[in-house]
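Please look through the sequence and the model below before reading on, and keep both in view as the paragraphs take you from one part to the next.

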Amino acid sequence: MNTESTKAFYNATAAAYAQNFLDELNHKPFDRYLLQRFARENKDKGKMGDLGCGPGHTTQYLSEQGVADIVGIDLSEKMIEQARMHFPTIPFETGDMLAFDKPDQHFGSLIGFYAIVHFQEEQLKNFFEEAHRVLKPGGQLLISFHIGDGMKRVDELLGVKASADFYFHEVDPMIERMTAAGFSIIDMMIRYPYVGKEFESKRGYLLATSQLTIGNRQ
Ligand SMILES: C[S@@+](CC[C@H](N)C(=O)[O-])C[C@H]1O[C@@H](n2cnc3c(N)ncnc32)[C@H](O)[C@@H]1O
């Protein structure tokens, strides 16, 4: 799905999205566990970027876990408005994770919760290469996605008429894309949906580290 259409979709749905999802972590113990672990392992390793942060609830949760140097980044300016309004003490900025306006090795760690769900093959490749570029050597990347194949078109979200394509991805090709971009996989985790609490898909969580290459080995 192209970037402009994705931005338009989230600008249109930002307020409804925030209202519906800001407290979702209360009902998702596995996600909380992963965020706690990610915070513990990365809070002292440089700036953490929460990519596709939406209304900022994951950014806030990571901050509560002791991550002081964190920024939430999202394509949609309306999402960033929501995030700033709800969590005024945390820095949020607009940005495109397919083309970061950041120098190489800017971040100590990166997380993208359901942020890649609109990406197709070329965009995934682009994203992992960009993430690898802006991560410090040895930095961690945690992503989550809906497992499966194909695409689901929605023309309405939470009562707002707006269209988007959501892509499902299989685990092994995702691992291959990440390793091709220079990541080493630490853990692959799958959970089944919390029925009645969220869209009923099987979910994948991949934790990886940017590999040291000969050029930047210390
Ligand atoms: C499904 S929402 C997930 C939001 C939040 N992480 C959560 O867990 O609820 C996907 C988010 O990714 C953002 N996004 C999509 N493509 C992006 C891009 N290229 N760069 C930055 N953000 C992007 C959207 O604007 C949207 O807020």
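How many nonpolar, polar and charged residues does the shell around the ligand have? This is a predicted model, in which local features need pLDDT of at least 70 and side-chain atom pairs count only at pLDDT 80 or more, while totals for chains, interfaces and linings use all residues. Residues are numbered from 1 along each chain as its sequence is written, and side-chain values use heavy atoms, with hydrogens and water left out.

The shell around the ligand has 11 nonpolar, six polar and three charged residues, where Ala, Val, Leu, Ile, Met, Phe, Trp, Tyr, Cys and Pro count as nonpolar, Asp, Glu, Lys and Arg as charged, and the others, Gly among them, as polar. Of these 20 residues, each with a heavy atom within 4 Å of the ligand, Tyr17, Gly52, Asp74, Asp96 and Phe113 come nearest. Helix 1, which covers residues 3-21, gives the largest share of the shell, three residues; helices here are DSSP runs of H or I with at least four residues, and strands are runs of E with at least two.

Some contacts can be followed atom by atom, each being a pair of N or O atoms within 3.5 Å. A polar side-chain atom of Asp96 lies 2.8 Å from a nitrogen atom of the ligand, a polar backbone atom of Met97 is 2.9 Å from a ligand nitrogen, and for a polar backbone atom of Leu75 the distance to a ligand nitrogen is 3.2 Å.

Seen as a whole, the protein chain has six helices and nine strands, and its C-alpha trace spans about 55 × 40 × 30 Å along its principal axes.

Methods:
Polar contact = N/O pair within 3.5 Å; in protein donor to acceptor, adjacent residues only side chain to side chain.
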